[in-house]
Amino acid sequence: MTRIPLAQRPRDLVYFLFFAIHLPATFLVDLQALYPKQWVPSVIANIPKIYVELSNDPLIGSAMGFFGPHQVEAYTWLRSFLVVEAFFQVPVFIIGLRGLWNGTTSIYVLLLIYAASTTTTTLPCLAVILSTPISPSPLTTSSVGLEASNALGISLSAEQRLLLLSSYIPFFLVPLIMTLDMALRVQNLITAGQGMQKNAKED
């Protein structure tokens with residue numbers, strides 16, 4: 001079968017770019033909550049610190065321990081999602097990038113499983129952001145601001161919530177669309193296979 005260029009497959013191109021963006025973000029930000037601190041160079045370790053000081057992200061900030069040990073315990077569920085991200089999603093990103101580039105139909109089932117799983121795990125993250133109280137004024141981006149958040153309870157400014165939603169919603173919508181798309185593609189492959197099997201029996 002002749003390979004159709006990726007640029008001529010718009011949905012696959014979106015998924016390819018999504019994986020290409022997600023892969024470095026996973027290693028540089030998300031999985032730092034799991035790495036031993038001595039493994040991470042200071043330049044890279046500062047990336048989530050700067051991000052949390054800017055956004056006051058209750059998810060990454062809590063998983064990383066920026067809001068105190070009690071928040072790490074409260075967000076054990078999120079750390080379990082990060083383990084899934086490390087050992088399941090990262091391999092899917094790599095396999096998916098190659099499969100999407102080559103137009104391989106055999107990856108559809110794997111991408112369906114990934115997309116359904118990711119949609120499910122991202123939804124509670126959005127719920128946390130939407131349920132985090134809005135503060136009357138923007139929080140400071142200094143370490144003093146983080147300590148205040150720890151003492152008074154995590155809150156967000158309206159600007160921070162908007163920033164977080166603009167970051168998290170694409171990571172919910174793209175997998176959701178991928179779930180529906182891959183389910184339809186798998187169904188079409190099954191239907192085509194059944195048709196070929198029926199024709200073979202008739203011959």
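1. The buried residues of helix α5 are covered by elements that include α1, α3 (58-63) and α6 (108-131). This is a predicted model, and the remarks below should be read as describing that model. The buried set in α5 consists of L78, L82, E85, Q89, V90, V92, F93, G96, L97, G99 and L100. E85 and Q89 are on that list alongside leucines such as L78 and L82.

2. Helix α5 has 27 residues, and from its first C-alpha to its last it reaches 38 Å, close to the 39 Å expected at 1.5 Å a residue. A kink of about 40° is nevertheless present in α5, with its centre on E85; E85 is also one of the buried residues of this helix. After α5 comes G103, which has a positive phi, near 70°.

3. On aromatic contacts: the model has eight aromatic pairs. One of them joins F16 and W101, with ring centres 5.9 Å apart and planes at 45°; an angle over 60° would have made the pair edge-to-face and one under 30° stacked, so this pair is tilted. F16 belongs to helix α1 (residues 10-28) and W101 to helix α5 (residues 76-102), so the pair ties together parts that are 85 residues apart in sequence.

4. The two partners differ in burial class. F16 has a relative accessibility of 18%, and because the cut-off for buried is under 20%, F16 counts as buried. W101, at 45%, counts as partly exposed. A second aromatic pair, W77 with F81, is edge-to-face, at 5.5 Å centre to centre and with 80° between the planes. Both W77 and F81 lie in helix α5, four residues apart, about one turn of the helix. W77 is partly exposed at 28% relative accessibility, and F81 is partly exposed at 25%.

5. Ring pairs also link F18, F19, F93, Y114 and F171 into a cluster. Of these residues, F93 is listed among the buried residues of α5.

6. Two arginines sit over aromatic rings. The charged end of R3 is placed over the ring of W101, at 5.1 Å from the ring centre. W101 is the residue that also pairs with F16. R185 lies over the face of Y108, and the distance to the ring centre is 5.0 Å.

7. Where is P170? P170 lies in helix α8 (residues 158-202). With a relative accessible area of 36%, P170 is partly exposed. Leaving aside residues up to four places away in sequence, P170 touches F18, L165 and P175. P170 and F18 are 152 residues apart in sequence, while their C-alpha atoms are 9.2 Å apart in space. F18 is also a member of the aromatic cluster, as is F171.

8. Helix α2 (residues 42-55) has 14 residues and reaches 20 Å from first C-alpha to last, close to the 20 Å expected at 1.5 Å a residue. Its buried residues are A45, P48, V52 and S55. Just after α2, N56 has a positive phi of about 55°.

Methods: Residues are numbered from 1 along each chain as its sequence is written. This is a predicted model: local features need pLDDT of at least 70, side-chain atom pairs count only at pLDDT 80 or more; totals for chains, interfaces and linings use all residues. Side-chain values use heavy atoms; hydrogens and water are left out. Rings of Phe, Tyr and Trp (its six-membered ring) pair if their centres lie within 6.5 Å; planes under 30 degrees apart count as stacked, over 60 as edge-to-face and the rest as tilted. Helices (H or I, at least four residues) and strands (E, at least two) are DSSP runs, numbered from the N terminus. Buried means under 20% relative accessible area, exposed over 50%, partly exposed in between (1.4 Å probe, protein chains only). A charge sits over a ring if NZ of Lys or CZ of Arg is within 6 Å of the ring centre and within 35 degrees of the ring normal. The expected span of a helix is 1.5 Å times one less than its number of residues. The bend at a residue is the angle between axes fitted to the seven residues ending there and the seven starting there. Contact means heavy atoms within 4.5 Å.
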